[in-house]
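Biologist: I should like to go through this structure with you, question by question. Please give the reasoning behind each reply.

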Amino acid sequence: MQFKRIVVKVGSALVSPDGQGCSGKHVLAIAGFISACHQQDIEVILVSSGSVAAGRSSIAHGSNTPSIAAKQAMAAVGQMQMMANWQRFFDFSCSQLLITHGDLKDRKRYLNIKNTVRVLLENRVLPIINENDTVATQELKVGDNDNLAALVAMVVEADALLILSDVDGVFDKDPRKFSDATLIPNIEEITQDIYDLAGGTTNHLATGGMATKIQAAEKACEQGIETFIVNGTKPKAFEQLLQGANPGTHFRAQGNTLTAKKQWLKNTLKSSGAVHVDQGAVRALQKTGASLLAIGVKGLTGDFAKGAAVDIIYFDEQAPKIIGKGISQYSSSDLARIQGQGSHNIETILGYCPSQEVIHRDDLVLSNK
Ligand SMILES: Nc1ncnc2c1ncn2[C@@H]1O[C@H](COP(=O)(O)OP(=O)(O)O)[C@@H](O)[C@H]1O
Ligand SMILES: N[C@@H](CCC(=O)OP(=O)(O)O)C(=O)O
């Protein structure tokens with residue numbers, strides 16, 4: 001394998017295949033792969049799901065859709081079982097990092113995570129990361145570990161992301177529902193057609209299914225990180241990976257990567273609202289790389305503060321289209337007063353003019369779909 005630093009994401013079905021605590025059934029071979037990487041001086045960061053699945057049998061819940069509090073309690077029980085399960089397959093130390101979206105969107109905490117992982121890797125300790133499910137509320141959650149793994153891969157500047165699941169890769173339709181589904185070994189570009197192939201999950205202990213894996217691949221590839229979806233139930237797949245072959249689906253990384261600030265804006269910050277723009281603004285943003293001015297703003301959605309991340313939306317005849325995302329220099333209440341106005345009128349209307357632009361081009365990232 002030509003990679004020097006990889007993030008390996010392991011899904012719940014591999015850690016707790018029957019939802020009754022942890023098992024070595026699949027984890028043993030995965031740990032063998034990670035140890036082989038260590039021997040070849042390939043640094044590994046593990047993002048492991050499975051705390052909810054592992055803790056499930058310890059918490060009374062009475063249905064297939066436990067309450068959020070019950071799931072958080074399952075995670076509290078299952079997380080330590082999962083960590084103990086991993087540690088027993090390694091003869092080097094493991095470490096636990098529990099993080100939330102709230103930690104990643106805070107630049108200081110983001111850098112603390114980065115520095116901690118660096119020191120762990122220097123000491124040949126395996127970082128094992130999961131979302132801090134017991135403290136994370138909906139707004140503070142990444143929500144699924146596929147996207148979390150992609151964000152982690154960016155934080156640690158990995159050169160590959162391996163998403164290990166219970167399927168061989170991306171199929172043209174859900175292979176659990178259609179016996180004639182065919183595997184797609186290589187995806188050069190992630191378009192809407194690729195998203196349309198992806199269904200959810202039939203495993204009630206997992207989150208997201210194939211859709212979140214494609215979102216994760218898109219984030220990672222945009223940052224130049226080669227991404228693979230591989231069947232973690234098949235030990236042969238690990239031999240192939242170590243030989244540099246692709247046993248599942250490979251998503252090709254892009255050459256032109258975003259700056260660290262723009263990728264953080266695009267992938268880590270959540271939008272608090274949206275500004276609706278006219279066709280002239282779309283042209284200026286897409287063709288000339290201009291900033292967004294108040295004159296091109298037609299409306300807005302949501303209640304947001306100055307400095308918030310917002311989506312930029314264009315309503316064509318058919319449907320709203322997200323053109324990009326940026327940091328608004330104006331709150332939604334000020335923006336409502338200056339929309340459609342020339343920049344020279346802002347001071348007269350508001351009594352002050354903190355910026356000629358509503359979204360400066362340095363704080364703006366365009367969508368590629
Ligand atoms: N087009 C597709 N190709 C492959 N798998 C798909 C597709 N659409 C939906 N899936 C489902 O996604 C599941 C994997 O996602 P998930 O259950 O969330 O796994 P994990 O726990 O590993 O994250 C597969 O078991 C499969 O049923
Ligand atoms: N943080 C959760 C993982 C949620 C999740 O994304 O699960 P999966 O779809 O199996 O990767 C847990 O440990 O149970």
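Biologist: Which residues does D166 touch, not counting residues up to four places away in sequence?

Modeller: The model is a predicted one. D166 belongs to the loop between β5 (160–165) and β6 (186–187), and the UniProt annotation "binding site", from an unreviewed entry, includes D166. Leaving aside residues up to four places away in sequence, the contacts of D166 are G11, A13, L14, N231 and T233.

Biologist: Does D166 count as buried, partly exposed or exposed?

Modeller: The class follows from the number of C-beta neighbours inside 10 Å, which is 18 for D166. A buried residue would need 20 or more, and an exposed one 12 or fewer. D166 therefore counts as partly exposed.

Biologist: In which element does A211 lie, and which residues does A211 touch beyond four places in sequence?

Modeller: A211 is also among the positions in the "binding site" annotation of the unreviewed UniProt entry. With 17 C-beta neighbours inside 10 Å, A211 counts as partly exposed. Its place is in helix α9 (residues 209–222), and beyond four places in sequence A211 touches Y195, A198 and G200.

Biologist: Which elements give two or more residues to the shell around ligand 1?

Modeller: Ligand 1 has 24 residues around it, and G11, S165, G199, T201 and A206 come nearest. The elements that give two or more residues to this shell are α1 (12–15) and α9.

Biologist: How many nonpolar, polar and charged residues does the shell around ligand 1 have?

Modeller: For this count glycine is classed as polar, a point that bears on G11 and G199, two of the residues that come nearest to ligand 1. By class, the shell around ligand 1 has four charged, 11 polar and nine nonpolar residues.

Biologist: Which element gives the most to the shell around ligand 2?

Modeller: Ligand 2 is surrounded by 16 residues, the closest being S12, S49, S51, V52 and N145. Two elements give two or more residues to that shell, namely α3 (51–55) and β4 (126–131). By class the shell has nine polar, four nonpolar and three charged residues. The element that gives the most, with three residues, is α3.

Biologist: In what order do the strands of the five-stranded open sheet stand?

Modeller: Strand β9 (residues 273–277) pairs with β11 in the parallel sense over five bridges, and in that pairing G273 has V310 as its bridge partner. Strands β11 (residues 309–315) and β12 (residues 320–327) pair in the antiparallel sense over seven bridges, whereas β12 and β13 (residues 364–366) are antiparallel over three bridges. The pairing in the sheet is thus mixed, and the order is β10-β9-β11-β12-β13.

Biologist: Why is one side of β10 and of β13 left without a neighbour in the sheet?

Modeller: General background helps here: strands of a sheet pair through backbone hydrogen bonds, either parallel or antiparallel. β10 (297–301) and β13 stand at the edges of the sheet, so one side of each is left without a neighbour there, each having a single partner strand.

Biologist: Which helix packs on this sheet?

Modeller: Neighbouring strands of the sheet are turned by 30° against each other on average, direction ignored. The helix in question touches β9, β11, β12 and β13, and its direction makes about 60° with that of β12. This is helix α12 (residues 279–288).

Biologist: Through how many residues does the hairpin join β11 to β12?

Modeller: Across the two strands, I312 stands opposite G324 in β12. On its other pairing, with β13, β12 places G326 against L364 as bridge partner. The hairpin joins β11 to β12 through four residues.

Biologist: How far apart do the end C-alpha atoms of residues 273–350 lie?

Modeller: UniProt, in an unreviewed entry, places the feature "domain: PUA" at these residues, 273–350. The span is 28% helix and 32% strand, and its end C-alpha atoms lie apart by 21 Å.

Biologist: What is the phi of R124, and what is that of E157?

Modeller: Most residues other than glycine have a negative phi. R124, in the loop between α6 (107–122) and β4, counts as exposed with 11 C-beta neighbours inside 10 Å. E157, in the loop between α7 (145–155) and β5, counts as partly exposed with 14 such neighbours. Neither is a glycine, yet phi is positive in both: about 55° for R124 and near 55° for E157.

Methods:
Residues are numbered from 1 along each chain as its sequence is written. Chains are lettered from A and ligands numbered from 1 in the order in which they are written. This is a predicted model: local features need pLDDT of at least 70, side-chain atom pairs count only at pLDDT 80 or more; totals for chains, interfaces and linings use all residues. UniProt positions are given in the numbering used here, feature names are shortened, and annotations may be inferred rather than shown by experiment. Two residues are in contact if their C-beta atoms, placed from the backbone, lie within 7 Å. Two strands pair if DSSP finds at least two bridges between them. Axes are lines fitted to C-alpha atoms, for helices over the stretch in contact, and angles run from 0 to 180 degrees between N-to-C directions. A residue is near a molecule or strand if its C-beta atom, placed from the backbone, lies within 6 Å of it.
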